[in-house]
Amino acid sequence: MSDRLLITVTSPLLPDLQEFIPYLEDIWQRKWLTNMGYYHNELEKELCKYLKIQHINLFTNGTLPLITALQALRITGEVITTPYSFVATTHSLWWNGIKPVFVDIDEQTCNINPAKIEAAITPKTTAIMPVHCYGQPCDVLKIKEIADKYGLKVIYDAAHAFGVEIDGKSILEYGDMSTLSFHATKVYNTVEGGALVCRDAETKQRIDYLKNFGFAGETTVVAPGINGKMDEIRAAYGLLNLKKVDAAIISRKRIADLYREGLQNVAGIRFLPDTENVRHNYSYFPIFVDEKEYGISRDELYFAMQSRNIYGRRYFYPLISTFSSYKGLDSAKPENLPVATRIADEVICLPMYAGLTEEDVERVLNLIKKQ
Ligand SMILES: *Cc1c(COP(=O)(O)O)cnc(C)c1O
């Protein structure tokens, strides 16, 4: 097998082009391109069915639902969150003038450690914004208990958790709201896109206003909303991609199984197990390199992979708390975040997407085993 063939970390799930063309022809006929059109509304309906939820608002990307969730719940002051995520999670707080308070993660899940949340609560705390990192469910019950005790809202960044269920119940049903990203790199994509999941029709209505400049009628603006609407072309694309996502998740599971089988006896390489009562989506396959046991560092392995044309990703490195906008915060100090700091130095997400072949996986495994 040639070393020169490129293996990328991800590759987008694409709808069948021939099937897309009639949808485009229909959109051309309707001449309704955006502003909650036919395909937008169809996709909201179909996503509710697929995800087993009641209320969803489509957005034009996965960052605006985070920003809008905070607006819809009127969150202010301080919000407790994880540094081990994509920057958009914390940026959404900054865009709302909210102070992020970072809490360390649990190394078994890479999610916020609930045992450390209470110590970070102050009189200014109004909400918790955890992330279901890699689609691994947070400890939703413990987080609810803490939120209820202190009267805090919970907004889950579920950008990685499309289709994830616990005991047959959608992960999106936990917390006051959950957000999704349909970016091209995610398990399910609409090129760019995202959604906000809420609990009741009244809140959905309010979010509909907020994502359309706050318009609640031709001449009435009820809030300083934003433009977050998803257009018809991407909604139609999304309807078609929804038909392919189950098969994609099955392929991803096969790849995860192959990785696990291949890596189970490699000293110094750790990976996350499946949880029995969880429907996983296999959005990422992170491995954690213990330099002492493995012999070389994460970065040495990462660049060795690159030199053989295998592209992993150091996801999430660096921690959000180390970026210039946030590193001055008390909670951003590495001493406050020892686990996240170590995990960020150990992680590589291996190539993972539905079209990855067994030969590709074999090449990745052989390289990791040979170091
Ligand atoms: C992808 C992602 C987002 C943002 O999504 P976009 O659609 O790219 O705006 C937010 N949070 C996490 C954890 C993500 O991975």
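**Close-up views of helix packing and local backbone features**

**Figure 1. Contact between helices H1 and H7 in the predicted model.** On the H1 side, the contact is made by Glu 19, Phe 20, Tyr 23, Leu 24, Ile 27 and Trp 28, which meet Glu 232, Ile 233, Ala 236, Tyr 237, Leu 239 and Leu 240 of H7. Ten of the residues in this contact are nonpolar and two are charged, with no polar residue taking part. The axes of H1 and H7 lie 10 Å apart and form an angle of about 150 degrees. Because angles over 145 degrees count as roughly antiparallel, H1 and H7 fall into that class at about 150 degrees. Their crossing is right-handed.

**Figure 2. Packing of helix H2 (residues 38-51) with helix H7 (residues 232-242).** The two axes approach to within 8 Å and cross at roughly 30 degrees, and H2 and H7 are therefore roughly parallel to each other. The crossing of this pair is left-handed. From H2, the contact includes Tyr 38, Tyr 39, His 40, Glu 42, Leu 43, Glu 46, Leu 47 and Tyr 50. These residues meet Glu 232, Ala 235, Ala 236, Gly 238, Leu 239 and Leu 242 of H7. By class, nine residues of the contact between H2 and H7 are nonpolar, two are polar and three are charged.

**Figure 3. Burial of helix H7 and the polar contact at its start.** Ten of the eleven residues of H7 are buried, so the helix is mostly covered. The buried set consists of Glu 232, Arg 234, Ala 235, Ala 236, Tyr 237, Gly 238, Leu 239, Leu 240, Asn 241 and Leu 242. These buried residues pack against three helices, namely H1 (17-30), H2 and H8 (245-263). At the start of H7, the backbone nitrogen of Ile 233 lies within 3.0 Å of a side-chain oxygen of Asp 231.

**Figure 4. Contact between helix H8 and helix H12 (residues 358-370).** The axes of H8 and H12 are 10 Å apart and make an angle of about 25 degrees, which makes H8 roughly parallel to H12. The crossing of H8 and H12 is right-handed. Arg 254, Ile 255, Leu 258, Tyr 259, Gly 262 and Leu 263 form the H8 side of the contact. Across from them, H12 contributes Glu 358, Val 361, Val 364, Leu 365, Ile 368 and Lys 369. The contact of H8 with H12 comprises eight nonpolar residues, one polar residue and three charged residues.

**Figure 5. Surroundings of Ile 112 in the loop between strands S3 (99-102) and S4 (125-129).** With a relative accessibility of 3%, Ile 112 counts as buried. Beyond its neighbours within four places in sequence, Ile 112 contacts Ile 80, Thr 81, Thr 82, Val 103, Asp 104, Ile 105, Asp 106, Ile 117, Pro 130 and Ile 143. Although Thr 82 is 30 residues away along the chain, its C-alpha atom is separated from that of Ile 112 by 5.6 Å.

**Figure 6. Surroundings of Glu 346 in helix H11 (residues 338-346).** Glu 346 has a relative accessibility of 13% and therefore counts as buried. Apart from its neighbours within four places in sequence, Glu 346 is in contact with Ile 287, Phe 288, Val 289 and Arg 298.

**Figure 7. Two cis peptide bonds leading to Phe 316 and Pro 318.** Most residues other than glycine have a negative phi, and most peptide bonds are trans. The bond from Tyr 315 to Phe 316 is cis, its omega being near 20 degrees. Also cis is the bond from Tyr 317 to Pro 318, with omega near -5 degrees. Phe 316 belongs to the loop between helix H10 (298-307) and H11, and Pro 318 is likewise placed between H10 and H11.

**Figure 8. Positive phi values at Tyr 134 and Tyr 282.** Tyr 134, in the loop between S4 and helix H5 (140-150), has a phi near 60 degrees. At 5% relative accessibility, Tyr 134 is classed as buried. Tyr 282 has a phi near 55 degrees and sits in the loop joining strand S11 (278-279) and strand S12 (285-289). Tyr 282 also counts as buried, at 10% relative accessibility.

Notes. Residues are numbered from 1 along each chain as its sequence is written. This is a predicted model: local features need pLDDT of at least 70, side-chain atom pairs count only at pLDDT 80 or more; totals for chains, interfaces and linings use all residues. Side-chain values use heavy atoms; hydrogens and water are left out. Axes are lines fitted to C-alpha atoms, for helices over the stretch in contact, and angles run from 0 to 180 degrees between N-to-C directions. Helices (H or I, at least four residues) and strands (E, at least two) are DSSP runs, numbered from the N terminus. Angles under 35 degrees count as roughly parallel, over 145 as roughly antiparallel, 65 to 115 as roughly perpendicular and the rest as oblique. A crossing is left-handed if the near helix is turned anticlockwise from the far one by less than a right angle, and right-handed if clockwise. Contact means heavy atoms within 4.5 Å. Ala, Val, Leu, Ile, Met, Phe, Trp, Tyr, Cys and Pro count as nonpolar, Asp, Glu, Lys and Arg as charged, and the others, Gly among them, as polar. Buried means under 20% relative accessible area, exposed over 50%, partly exposed in between (1.4 Å probe, protein chains only). A polar contact is a pair of N or O atoms within 3.5 Å; within protein, one must be able to donate a hydrogen and the other to accept it, and residues adjacent in sequence count only if both atoms are side-chain atoms.
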